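Trainee: Please give me a close look at a single part of this model, and then set it beside other parts of the chain.

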Amino acid sequence: MVSYKELGLVNTREMFRKAMEGKYAIAAFNFNNMEQMQAIIQAAVECQSPVILQVSSGARKYANQTLLRYMAQGAVEYAKELGCAIPVTLHLDHGDTFELCKSCIDMGFSSVMIDGSHHSSDENVELTRRVVEYAHQYDVTVEGELGVLAGVEDEVSAEHHTYTRPEEVEDFVSKTGVDSLAISIGTSHGANKFRPEQCTRNEEGILVPPPLRFDILEEIEKRIPGFPIVLHGSSSVPQDKVAIINQYGGALKDAIGIPEDQLRRAATSSVCKINIDSDGRLAMTAAVREVMATKPAEFDPRKYLGPARDSLKELYKHKLINVLGSAGKAL
């Protein structure tokens, strides 16, 4: 077994406490290769922001769990080399079994999510409680989930969303002992969150999706005051990236993401962790496609993965500064 503390990582307990007090949120950026990790750390260091390196089950299979562990350790040292020893968490996103969560804990993850939201209420409680009991032996923090987000991302898929029921949160938190709770208030997984016909136009003529259910969030806050809340599926689907992808041979469908002003509002509440994955995929893909199309003789991976990394870093800096409000909070 490898302790995350030996790798220089931190769990989310203190990170979330400071975020709630400071009315900002911590970015949880998904990664599965070196360029993504470099972009995350470069952006976080330049913004002096704490950050969560987030790994899905699919990413773990793709990258190899041993390599991911050493990449996370390298990320900590890389941040120091860049001049700022920012707090870094290595987190499992959407773990669906006790065995997967246990394996990640044993391999050096400092935080895990157990997603039992597709089970019955009793089964979700029992599975989550079991993971918490194991994780807390090693001071690893655990995120649970109530409610179901629609959409597809990696190995997580649901056709319909189910809003979190506020009347269930107290019982779930008390019975499971979780450290944070992912809720469903209208966000969704993947790049195709909302179709144009599901949206309305604002005064500027811009399509906007149905607003997040802040009434549900506020009721949850009343029932479990001061408890860390997590939003999944919070990519905003930047239309400029979608346009570049389609300009250079892509075939992305029209889709609208979560407005950044709504995420900024959420970050000032008890929402202290916001997951962003699809926006990063779009930024990288747009940059790679542009190089491939405009420089067809290029075959050095560094020549297209480098620009992809740089585009990703700028996107992440924007999120940290303007959306989550976590810039300057690492000190």
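**A loop residue and its wider setting**

Mentor: V237 lies in the loop between β11 (229-231) and α9 (239-247). Please bear in mind throughout that the model is predicted. The backbone of V237 deserves attention: its phi is near 50 degrees, a positive value in a residue other than glycine. Most residues other than glycine have a negative phi. As for its surroundings, V237 has a relative accessibility of 3% and therefore counts as buried, the limit for that class being under 20%.

A second residue may be set beside V237. D139 is not a glycine either, yet it has a positive phi of about 60 degrees. D139 also belongs to a loop, here the one between α6 (121-136) and β5 (141-146). Its relative accessible area is 27%, so D139 is partly exposed, whereas V237 is buried.

Burial is also the theme of strand β2 (residues 51-56). Six of its six residues are buried, and β2 is therefore largely enclosed by the rest of the structure. The burial applies to both faces: V51, L53 and V55 point one way from β2, while I52, Q54 and S56 point the other way, and all are buried.

The strands that pair with β2 can be described next. Strand β1 (residues 26-30) pairs with β2 in the parallel sense, over four bridges, and in this pairing N30 stands opposite Q54 of β2. Strand β3 (residues 88-95) also runs parallel to β2, and six bridges join the two. Here S56 stands opposite D93 in β3. Q54 and S56, the residues opposite N30 and D93, both belong to the group that points the other way from V51, L53 and V55. Helix α2 (residues 34-47) completes the picture on the β1 side: β1, α2 and β2 make a right-handed β-α-β unit.

Finally, one contact between helices may be considered. The axes of α7 (residues 166-176) and α8 (residues 214-223) come within 9 Å and cross at roughly 40 degrees, and this crossing is right-handed. From α7, the residues in contact are P166, E167, V169 and E170, and they meet I216, E219, I220 and R223 of α8. By class, the contact has four nonpolar residues, four charged residues and no polar ones.

Note on methods:
Residues are numbered from 1 along each chain as its sequence is written. This is a predicted model: local features need pLDDT of at least 70, side-chain atom pairs count only at pLDDT 80 or more; totals for chains, interfaces and linings use all residues. Side-chain values use heavy atoms; hydrogens and water are left out. Axes are lines fitted to C-alpha atoms, for helices over the stretch in contact, and angles run from 0 to 180 degrees between N-to-C directions. A crossing is left-handed if the near helix is turned anticlockwise from the far one by less than a right angle, and right-handed if clockwise. Contact means heavy atoms within 4.5 Å. Ala, Val, Leu, Ile, Met, Phe, Trp, Tyr, Cys and Pro count as nonpolar, Asp, Glu, Lys and Arg as charged, and the others, Gly among them, as polar. Buried means under 20% relative accessible area, exposed over 50%, partly exposed in between (1.4 Å probe, protein chains only). Two strands pair if DSSP finds at least two bridges between them. A crossover is right-handed if, with the strands pointing away from the viewer, the path from the first strand over the helix to the second runs clockwise.
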